[in-house]
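Student: I should like to learn how to read the features of a structural model. May we work through one together?

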Amino acid sequence: MSVVLEVRDLQRSFGAVIAAKDINVTVNEHEIIGIIGANGAGKTTFVNMVTGYLKPTSGQIEFAGRSVIGLPPREITRLGISRSFQVPQVFMSESVFDNLLMAYAIAEETGVGLLSPLYNDERAERVDSHLRRYQIAEYRNAMASTLPQGTRKLLDIAMAAVRKPTILMLDEPTSGISVEEKFGLMDIIMDALRVDDTTVLFIEHDMEIVERYVSRVLAFYQGEVICDAPTAEAMVDPGVREFVIGEEYHRTRTETGGSEHA
Amino acid sequence: MRYIDKTVVGLTIAFLALLFADFFMAEWMRFIGLQSLARGTVALGLLVLWRTGLVSFGHALYFGFGAYAAAMLTLLGYHDAFFLVFAGTLVAGLLAFLLGFLLRRYRAIFFALLNMAFSMILYGVIVKTEALGSTDGFSVLAPTFLGYAPEGEAVQTTLFLFTLVFTYLITLSVHLYLKTTLGGMSMAVRENEIRVEYLGYSAEKVIHVKYVFSGLVAGFGGAIMALAIGQVDPDSMANWTVSGEFVFITILSGIGNVAATFIGALVFELIRTYAFEYAPQFWQFILGGSLLAIIMFLPDGIWSVLSRLRKAEKAPSP
């Protein structure tokens, strides 16, 4: 497995607040990584730095062997790192189909090609097959603002995946989704991304989701990565249990062993 | 062709009809027609900006710049309409390109008013420049057309033809442009710039392109107006009220279709002409009242009448 993303000594502060400190992470091709941590631990800051939205105070980010520090999001996107958002970023007053048609057009056209028609039958066919892959075809003509939350999240992720990115970063794909729907949603996303062998990093609060879908966990606490290990190992790591998972989860997991932290 | 574009057909029919009518029109009608074409073309640029989510209260800057550029060239002895209009269009576009680097970073009211600020700088410069006639402006001699030098009524007839052909070509290109990827990106930028960036394109670049286009067509409209009136002056070319008129036309027309822009421009000219004729004391009142009526009853502009009729046709009878 080859390394696709290498982050070294990444730092970021907002005034006196340290949002990222000494982050060192190496991501290999085809890995599925879960990013966990309490609110304000620096998870989204990390995603924002890797995708170019925030410039790190210091440190290095290398994607496919080249530094992406200082590049704007659009250029990093073109290189092969896409992202979805905790709050879906879609074209609200347009139909699901038109949202994806635009995503495909931007991904496929450059230079003079931008002056070729937005709509063509082949592109529409690609959009429709993409809609089927993400199981939102029944909403094809619905306006994005009228979609149920889960469907809008799928649309957001589907739009991010249009370019067939090498790495896709998902910011809380299951936030705001009811417990019953979470696994169904994650199944759709993971099945769809597996087709293109996409490397996935996703931020998640639900440990059941983490245990089921990821092979490796990055745990954040106060801007630092306190644990970077295979999922099973991370789940029993004392730091992760204390600062990320918290006591509630802890109690249910160790019913037989008593509650040493309670 | 499996698919016939109704707008292209409609524009072509209107173009041919006006081409023919040019030889029979009363002089005052032709004059109103010329002004509608000139102002309508400027409003096309505002339509493109509006679709991107931006309103400019300062496009008199490019209108006035184009008009004065063309007029000043006549002072230097150039009289060919092709050259004058081309030059007016080009310098206005160039100015838009330069200012675009700054303006593309602003949105909403900041964009609208920054445009106005720049247009008032031009207005101020013209008013202070004695060599350009200050507030009186100066007159522009009748143009020639590739060596053909018409006289009398033929000047306006030829100018109308000239304007009609170019306006037709510009309008057709805008209509087709709106269906391209770059044209469609207006929607994307208006709706969600973050998503555009994360799809791999620069929202500011999209805005810049649209801005330059709006500058070019405003310059075109200005140069035509200078030749049509035979006179340039700051108050009817570069003042902020002129920018207001373009916004007025855009609201009147709606941004649904390029053809609506010219209908809106014509309606504007007619309201203004007749209001001034019959109520010289109150014409602004009538103009304002009609704008209010449009906003209240037809918030999507004149074009929405057409789409409403179409919907009514399709609705099942009770």
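Student: At what angle do helix 1 and helix 6 of chain B pack, and how far apart are their axes?

Tutor: Please note that this is a predicted model. In general, two packed helices are described by the angle between their axes and the distance between the axes. Here helix 1 (residues 6-21) and helix 6 (residues 153-177) of chain B pack at about 180°, and their axes are 10 Å apart. Angles over 145 degrees count as roughly antiparallel, and helix 1 and helix 6 of chain B are therefore roughly antiparallel to each other.

Student: Which residues make the contact between these two helices of chain B?

Tutor: Helix 1 of chain B contributes B:T7, B:V8, B:L11, B:F15, B:L18 and B:L19, while helix 6 of chain B contributes B:L161, B:L164, B:Y168, B:T171, B:L172 and B:H175. By class, nine residues of this contact are nonpolar, three are polar and none is charged.

Student: How is chain B as a whole built, and what does its radius of gyration indicate?

Tutor: Chain B contains 14 helices and two strands. A compact globule of 318 residues would have a radius of gyration near 20 Å, and the 20 Å of chain B therefore agrees with that expectation. Its C-alpha trace spans about 60 × 45 × 45 Å along the principal axes. Of the 318 residues in chain B, 47% count as buried. Among contacts in chain B between residues at least 6 apart in sequence, 81% join residues at least 24 apart.

Student: Is B:I207 buried or exposed?

Tutor: A residue counts as buried if 20 or more other C-beta atoms lie within 10 Å of its own. B:I207 has 25 other C-beta atoms within 10 Å and is therefore buried. B:I207 belongs to helix 9 (residues 203-229) of chain B. Leaving aside neighbours within four places in sequence, B:I207 is in contact with B:T52, B:L54, B:R104 and B:V189. From B:I207 to B:R105 the C-alpha to C-alpha distance is 9.0 Å, although the two are 102 residues apart in sequence.

Student: How many residues does each chain bring to the contact between chain A and chain B?

Tutor: Chain A brings 26 residues and chain B brings 17 residues. On the side of chain A that touches chain B, helix 2 (73-79), strand 6 (81-83), helix 3 (96-108) and helix 5 (149-160) each supply at least two residues. Helix 3 of chain A gives the most, with five residues. This side of chain A has 15 nonpolar, five polar and six charged residues.

Student: Where in chain A does pLDDT stay under 50?

Tutor: It does so over residues 253-262 of chain A, for which the model has five contacts beyond four places in sequence. For chain A overall, the mean pLDDT is 85, and 94% of its residues reach 70 or more.

Methods
Residues numbered from 1 in each chain as written. Chains lettered and ligands numbered in written order. Predicted model: local features only at pLDDT ≥ 70, side-chain atom pairs only at ≥ 80, totals over all residues. Axes fitted to C-alpha atoms, helices over the stretch in contact; angles between N-to-C directions. Helix = DSSP H or I, 4+ residues; strand = E, 2+ residues; numbered from the N terminus. Parallel < 35°, antiparallel > 145°, perpendicular 65-115°, else oblique. Contact = placed C-beta atoms within 7 Å. Nonpolar A, V, L, I, M, F, W, Y, C, P; charged D, E, K, R; others polar. pLDDT = per-residue confidence, 0-100. Rg over C-alpha atoms; globule rule 2.2 N^0.38 Å. Buried ≥ 20, exposed ≤ 12 C-beta atoms within 10 Å, placed from the backbone.
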